[in-house]
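This briefing sets out selected features of one protein model, grouped by topic. Please consult the sequence and the structure alongside the points that follow.

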Amino acid sequence: PHLEYSATVWDPYTTKGIQAVEAVQRRAARVTLNDYQRTSSVTQMLNDLQWPLLSERRRKARLTTFYKITHSITKVPTDNILKPAQGRTRGSHQYKYQPLHARTDTYKYSLFPRTIPQWNALPGPVDMAPTVESFRARLEVCPP
């Protein structure tokens, strides 16, 4: 839980930052299984424990936060940020938004610019979920 605090707004985007956070989970897997042998595969330990990568958990948390914002569950002023996408395709959905353009990495990897393309790529039934719980359930079976 401590690694995920504020993960929707602070999410490392550099390889160094991602590896530093993932290293904490890898150490936790060793502690949980009490296996400190250098020959043991930590990836296999994570698979045995059925722990998803923290980067995937952060992606789902970002998408869930975005769902809450777009469905007015969380009050965040978005009038100047979220603009409905122009044009519709057969695979598109009602809540599709125009991507945001950024000049700096700090903004590029913040919540809205980073999440909008992932949100727009979701299948229609996922973003149209009636509740947060059903959204999370649909997101679980949706490929990344």
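Asn 34, just after helix α1, takes a positive phi of about 55°. The model is predicted. The points below proceed from helix α1 to the largest nonpolar core, and then to helix α7 and two individual residues.

**Helix α1**

- Helix α1 comprises the 19 residues 15–33. At 1.5 Å a residue it should span 27 Å, and its end C-alpha atoms are 27 Å apart, so the expected and modelled spans agree.
- The buried residues of α1 are Gly 17, Val 21, Glu 22, Gln 25, Ala 29 and Arg 30.
- These buried residues pack against α2 (42–49) and α3 (54–70).

**The largest nonpolar core**

- The largest nonpolar core has 18 residues, and those touching the most other members are Phe 66, Tyr 97, Phe 112, Trp 119, Leu 122 and Phe 135.
- Two or more residues of this core come from each of α3, α5 (111–120) and α7 (132–141).
- When residues up to four places away in sequence are not counted, Phe 66 touches Leu 82, Tyr 97, Phe 112, Thr 115, Ile 116 and Trp 119.
- In soluble globular proteins, nonpolar side chains tend to be buried together.

**Helix α7**

- Val 132, Ser 134, Phe 135 and Leu 139 are buried in α7. Because they cover an arc of only 160° around the axis, they lie on the same side of α7.
- Glu 133, Glu 140 and Val 141 are exposed on the other side of α7.
- The packing partners of the buried α7 residues are α3, α5 and α6.

**Lys 60 in helix α3**

- Lys 60 belongs to helix α3. Its relative accessibility is 18%, so Lys 60 counts as buried, the cut-off being under 20%.
- A polar contact of 3.2 Å joins the side chain of Lys 60 to the side chain of Glu 140.
- Apart from neighbours within four places in sequence, Lys 60 is in contact with Leu 139 and Glu 140. Of these two residues of α7, Leu 139 is buried, whereas Glu 140 is exposed.

**Val 126 in helix α6**

- Val 126 lies in helix α6, residues 124–127, and is buried, with a relative accessible area of 5%.
- Leaving aside neighbours within four places in sequence, Val 126 is in contact with Phe 135, Arg 138, Leu 139 and Cys 142. Phe 135 and Leu 139 are among the buried residues of α7.
- The C-alpha atoms of Val 126 and Ala 137 are 8.8 Å apart in space, and the two residues are eleven residues apart in sequence.

Notes. Residues are numbered from 1 along each chain as its sequence is written. This is a predicted model: local features need pLDDT of at least 70, side-chain atom pairs count only at pLDDT 80 or more; totals for chains, interfaces and linings use all residues. Side-chain values use heavy atoms; hydrogens and water are left out. Helices (H or I, at least four residues) and strands (E, at least two) are DSSP runs, numbered from the N terminus. The expected span of a helix is 1.5 Å times one less than its number of residues. Buried means under 20% relative accessible area, exposed over 50%, partly exposed in between (1.4 Å probe, protein chains only). Contact means heavy atoms within 4.5 Å. A nonpolar core is a set of buried Ala, Val, Leu, Ile, Met, Phe, Trp, Tyr and Cys residues joined through side-chain atoms within 4.5 Å. A polar contact is a pair of N or O atoms within 3.5 Å; within protein, one must be able to donate a hydrogen and the other to accept it, and residues adjacent in sequence count only if both atoms are side-chain atoms. The arc is that of the directions from the helix axis to the C-beta atoms.
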